[in-house]
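Work through the exercises below with the sequence and the model open side by side. Try each task before reading its solution.

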Amino acid sequence: MRLVVVGNGMAGSRLVAEVRERDPDVRITVFGAEACAPYNRVLLSNVLAGTSRPEQVRLLDPSWYRAHRVEAVLGSPVVSIDRDAGHVVTGDGRREPYDVLVLATGSEPVVPPVPGVERAIPFRTLDDCERILRAAEGARRAVVVGGGLLGVEAARGLAGRGLPVTLLHLAGHLMERQLDVEAGLVLGETLAGLGVEIRTGVSAEAVLEDGVRLTGGEPAEADLVVLACGVRPLTGLAAEAGLEVRRGVVVDDELRTDDPSIFAIGECAEHDGTVYGLVAPAWEQAAVAADVITGGKALYRGSRLVTRLKARSVELAAMGETQLTEEDAEVVRFSHRARGTYRKLVIRDGRLVGAILLGESDAVGTLTQLFDRGGPVPGDRAGLLFPGLSAAPVAGSPVLMPDAATVCRCNDVTKGQIRACWEAGARDVAGVAAATRATTGCGTCRDAVEGIVGWLCEQEGITV
Amino acid sequence: MTAGRTHKTDKTHKTHCPYCALQCGMEIGTGREIRITPRTDVPANASGALCQKGWTAAELLTNGSRLTTPLLHGEPVAWEAALDHVAARLSEIRAEHGPDAVAVFGGGGLTNEKAYTLGKFARVALGTSQIDYNGRFCMSSAAAASIRAFGMDRGLPFPVTDLAGADVVLLAGANVAETMPPFVRHLEGPRAIVVDPRRTPTARRAWLHLQPAPGTDLALALGLLHLVVAEGLVDEAYVAGRTSGFEEVRTSLASWWPERVERITGVPVYRMRQAVRALAAAGRAYVLTGRGVEQHAKGTDTVTAFVNLALALGLPGRHGSGYGCLTGQGNGQGGREHGQKADQLPGYRRIDDPAARAHVAGVWGVAPESLPGPGRSAYELLDALGTPGGPRALLVFGSNPLVSAPASERVAGRLAGLDLLVVCDVVLSETAARADVVFPVTQWAEETGTMTNLEGRVLLRRRAVEPPDGVRSDLEVIAELAARLGHRFPSRPREVFDELRRASAGGAADYSGITYERVEAGPGVFWPCPEPGHPGTPRPFLDRFATPDGRARFVPVGHRPPAEEPDEDYPLHLTTGRVLAHYQSGAQTRRIAPLVRAAPEPFVELHPDLAERLGIRPGDVVRVSSRRGEDRAPARISDAVRRDTVFMPFHWEGVNRLTNPALDPMSRMPEFKVCAVRVERDS
């Protein structure tokens, strides 16, 4: 079988690796529009922030392709598909026959049609990232257009490099697709404290030499303008080949298009009415498609979306339907804006259908997994939001400890036994140890035994 | 000799504890009653510590349930008759079905002398390839990963006392406060980071507890290593000078960014960051793994991921830092070195290595080509019993697989299908109770032999008390059977040890310079010790690792989910582990009154939220079922366990009916530590 993959980004490269893992024999050719080895787009924000170096985001080494007998044709975009002949054609005229074709063309950044926009740099590829970094070196002030996930990460990253940043956002609050109003405000306040000026409810009318002119004429000064205005699926190739395309290339539960020999995965694909823009669904799709292509029976049933911001000193996780109100769901909320903390649970039919966690929290892992698995939400909602809150109080003082409480676990000695031992004349730890073996195992109960003996002595007015 | 016990009067004998791999030093005082006191000249417990198991160990020697006569189909029988019967049946089965129709199952509690003799007995007297042991369920993943990374597997490649000088110790899947309490004293100085799905007594005392979902430790290790790289904390000079293969690992880490790992493991990113920063900031640090991360179908790769973490931080092979695994059973270290493992010959040699075969065959006085090749691993061996092409007879020494093997009902069925089951044990264990023939054997303080503790330190236990009438040592049983099969085997421990020394010479675990006298003169001798004048090797990796080029090897590994994940029918994780009062299958400790008082019965530990949802109150009998079987035990409600997980201790028959025999492709370790279960109140 000859497998051709169009696109060597996160979805395409993953699919190639997944297929090769399952089948050592299938002939694989992958075409990538970018000339470099595939890299992890999720980590570009870290590169922008300086917490990862560009070489640290590479997903597969060039040597991997040799070792796994995969032909990678990089820097060579595919320009058309000839379905009758069963081959793809590249920009430089190469024809590559396929038995199975996978489209993983991804998406392109949305560039607002405003004058001077060519002065701005979109934030999408590793090249973009490097361009932004070069420009940032000499810059005094930056503007980021777009306050979605990527825009927030870019703004935080640039601010972390010491560059004053203005973040412009059209909607009334940041990350409005993931956050409710209050979470958006708390996030804005947190970012403001980190050197990002937030302007919501505004849009750029033009990109000028010295910044951005907002609608209404007000200027936002900058010598670096970064665009993070969302993405649009790249579906032209599929549409021209006559495949069904709506917002993305339409696929079924096997990730097959309406041509059974052609699959589509990742940001260019539309499954059950949804085009996903995150990596987790793309990788889930890659695994299912790889399984189907190699003769398996996996099915893709959609993905649950968890958005996790990658920005230093800003912990934010948002998942599912965060904007439901009390009319449609049970909402549990805790807000402490002074500390940059906001936590929200959205529960319907006893299941967690949405959550927002802003600020450091041990709850994030538990809630993400509860959301992912669709498990029942425990009755104690507060304990979910504040892990440790419901833990039984520890009897710290020997006075409060019941006689039945085990003091020395290693030798199974209770407070009552220590008391009995004291009553029989033991007046120090050594005496108790000799009689009960308490403290002779791991030794960590020594303080507790000392405390109990001391307290008993005190009770009786005995000085040791 | 008269009936009952005769002890030399009012003498004390230096020995070591009969239980775990720490091998605490103890003195046995034999007067009117046998008394145990801790020794202060053994580094493992030099502070004079013992746990309750150690303190009460004397009861093992006086216990009323001790076997003192061989049993044939449950009836007492004379030794000669029992030995003759077994030898005759073995010969018949061999004649009819070939040598591989007889299998041997050993144990990690056996002395080095016994482990060695058992391997020789299988290969020489029985001519079978079918030998493995319960250490496969214990140390195999750590062993495979250590050999892959360092070229050699010595649990702790440093004295245990080195730990006390560390700034930070990361314990991954190790609950030392319950499994080897005196060990905790070595951790009084360092800050501990504990990785465990349960807030165990060890985790409670930790500076930082990372609580991943069962079966996701591998992802966690990858996330930690990702952060080490991302935050520029790699010890680049060490990586360049002492390791190979880092670049491929570095690339593989791009797929394991911390936010992804958080979603898989449930461990918050900022907690991972705390752990990594503490480890990197430490001048001296250790990464230690235990069964919690090793007993998985991906245990070898999980250990590898933790080894990679230690290597990136520049820890292994440096004085005061390192990686180590915490061996479980008393002689778990020595037991995996001397040939009772399916793929091994003495001296930690590979059975498929022609040079190793030639050397060992020379010591044994047989032709190298007469030695069988590698056999089935422990679970595969048990699962093949009585099946077409599988063994028809099984000899069990120092193990209770009916309780300790995964999918134990299936294993029980296999045992029932055997033509002959022979068990050597001290008491009538669950497995012994099913045997055609049971040989009552000596134990611990009644016999002499060497043990190699978790540090790779060879220790000597000398006979301190007279064994009860009617019992013989495993070595004698093997020698008697070998004699009946036409082979002369030594049965005196020192004679066996001297042969073991020759057989191990030149191997990774070289004991040739170790003698009983040397072991007794000091607190043991560290292997490798290749000649009589050699001081032993407390820290084998300081100058070079045991790989051909002397460099430690980074190996790229990736996370994958447990073999069985929760679903609608079986919505919870089950994880299993130890309680302080008991040891392994409980065959010993469930017969000691104070230990039974401390922990009388198994239990199901579940989170209060889960208990509330299921309508379970403390003490309610709970039915836990998996695809393989079910078990019942009273509920214990505790928020120490995750809401999605229940915990059961494995010292009683039952819990392993539930566990999953999915095997690690490399180590053949079963997935004891995670499977999917359903939990209900038993009506």
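**Exercise 1: a buried arginine**

The side chain of Arg457(B) reaches the backbone oxygen of Pro523(B) at 2.9 Å. The model is predicted: local features need pLDDT of at least 70, side-chain atom pairs count only at pLDDT 80 or more, and totals for chains, interfaces and linings use all residues. Residues are numbered from 1 along each chain as its sequence is written, chains are lettered from A and ligands numbered from 1 in the order in which they are written, and side-chain values use heavy atoms, with hydrogens and water left out.

Task: place Arg457(B) in its strand and describe its surroundings.

Solution.
- Step 1. Arg457(B) belongs to strand S20 (residues 457-461) of chain B; helices (H or I, at least four residues) and strands (E, at least two) are DSSP runs, numbered from the N terminus.
- Step 2. Its relative accessibility is 6%, so Arg457(B) counts as buried. Buried means under 20% relative accessible area, exposed over 50%, and partly exposed in between (1.4 Å probe, protein chains only).
- Step 3. The side chain of Arg457(B) also makes a polar contact with the side chain of Glu455(B) (2.9 Å). A polar contact is a pair of N or O atoms within 3.5 Å; within protein, one must be able to donate a hydrogen and the other to accept it, and residues adjacent in sequence count only if both atoms are side-chain atoms.
- Step 4. Not counting residues up to four places away in sequence, Arg457(B) touches several residues, among them Pro43(B), Pro159(B) and Phe526(B); contact means heavy atoms within 4.5 Å.

**Exercise 2: a glutamate in a helix**

Task: is Glu480(B) buried, partly exposed or exposed, and which residues does Glu480(B) touch?

Solution.
- Step 1. Glu480(B) sits in helix H20 (residues 474-484) of chain B.
- Step 2. With a relative accessible area of 27%, Glu480(B) is partly exposed.
- Step 3. Leaving out residues up to four places away in sequence, Glu480(B) touches Leu83(B) and Arg472(B).
- Step 4. A polar contact of 2.8 Å links the side chains of Glu480(B) and Arg484(B).

**Exercise 3: a mixed sheet in chain B**

Task: which strands stand at the edges of the 7-strand open sheet of chain B?

Solution.
- Step 1. The strand order is S5-S4-S18-S17-S16-S6-S7 (chain B), with mixed pairing. Two strands pair if DSSP finds at least two bridges between them.
- Step 2. Strands S5 (75-76) and S7 (131-133) of chain B are at the edges; each has a single partner strand, so one side of each is left without a neighbour in the sheet.
- Step 3. S7(B) pairs with strand S6 (residues 102-106) of chain B in the parallel sense over 3 bridges, and Gly106(B) has Tyr133(B) as its bridge partner in S7(B).
- Step 4. Helix H4 (residues 112-126) of chain B packs on this sheet, touching S6, S7 and strand S16 (393-397) of chain B, and its direction makes about 175 degrees with that of S6(B). Axes are lines fitted to C-alpha atoms, for helices over the stretch in contact, and angles run from 0 to 180 degrees between N-to-C directions.

**Exercise 4: a parallel sheet in chain A**

Task: how many bridges join S10 and S16 of chain A?

Solution.
- Step 1. The open sheet has 5 strands in the order S9-S16-S10-S11-S12 (chain A), and the pairing is parallel.
- Step 2. 4 bridges join strand S10 (residues 142-145) to strand S16 (residues 224-227) of chain A.
- Step 3. Val225(A) in S16(A) is the bridge partner of Val143(A).
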